[in-house]
Amino acid sequence: MRTIIDAWDAFELWLTQLPFGFQVVFVTVVVLPLCAAVALGLDRVTRRFDRAPDGRD
């Protein structure tokens with residue numbers, strides 16, 4: 001577990017030391033698509049709970 005924490009700390013330190021413009025590009029290219037993919041995945045997983053118990057929409 002300590003290895004994961006150390007790796008995350010190293011990544012976080014690297015990211016925070018980047019110039020602001022590179023941070024914006026990183027968030028736009030990596031973080032936003034990742035968040036969108038997670039949101040779409042959660043939507044698909046929870047879609048079956050959106051229906052009424054009697055089967056009507």
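Modeller: Let's start with a yardstick: a residue is buried under 20% relative accessible area, exposed over 50%, and partly exposed in between. Keep in mind that this is a predicted model.

Biologist: Thanks! Why is Val 27 called partly exposed?

Modeller: Its relative accessibility is 37%, and partly exposed covers what lies between 20% and 50%, so Val 27 gets that label. Val 27 sits in helix H2, residues 20-46.

Biologist: What makes Val 27 part of a nonpolar patch on the surface?

Modeller: A patch member needs over 30% relative accessible area and no salt bridge, and nonpolar side chains are joined within 5 Å. Val 27 has 37%, and the patch also includes Val 25, Val 29, Val 30, Val 31 and Leu 32. Together they offer about 460 Å² of accessible area.

Biologist: Now the aromatics. How many aromatic pairs are there?

Modeller: The count is four. In one of them, the ring centres of Trp 8 and Phe 11 are 5.6 Å apart, with planes at 40 degrees.

Biologist: Why is the pair of Trp 8 and Phe 11 called tilted?

Modeller: Rings pair if their centres lie within 6.5 Å, and stacked needs under 30 degrees while edge-to-face needs over 60. An angle of 40 degrees fits neither, so the pair is tilted. Phe 11 also pairs with Trp 14, again tilted, at 5.7 Å and 35 degrees.

Biologist: And why is Trp 8 exposed, but Phe 11 partly exposed?

Modeller: Trp 8 has 53%, over the 50% cut-off, so it is exposed. Phe 11 has 28%, so it falls in between.

Technical notes. Residues are numbered from 1 along each chain as its sequence is written. This is a predicted model: local features need pLDDT of at least 70, side-chain atom pairs count only at pLDDT 80 or more; totals for chains, interfaces and linings use all residues. Side-chain values use heavy atoms; hydrogens and water are left out. Patches are made of residues with over 30% relative accessible area and no salt bridge: like charges are joined within 9 Å, nonpolar side chains (Val, Leu, Ile, Met, Phe, Trp, Tyr) within 5 Å. Accessible areas come from the Shrake-Rupley method with a 1.4 Å probe; for residues, only the protein chains shown count as cover. A salt bridge is a side-chain nitrogen of Lys or Arg within 4 Å of a carboxyl oxygen of Asp or Glu. Helices (H or I, at least four residues) and strands (E, at least two) are DSSP runs, numbered from the N terminus. Buried means under 20% relative accessible area, exposed over 50%, partly exposed in between (1.4 Å probe, protein chains only). Rings of Phe, Tyr and Trp (its six-membered ring) pair if their centres lie within 6.5 Å; planes under 30 degrees apart count as stacked, over 60 as edge-to-face and the rest as tilted.
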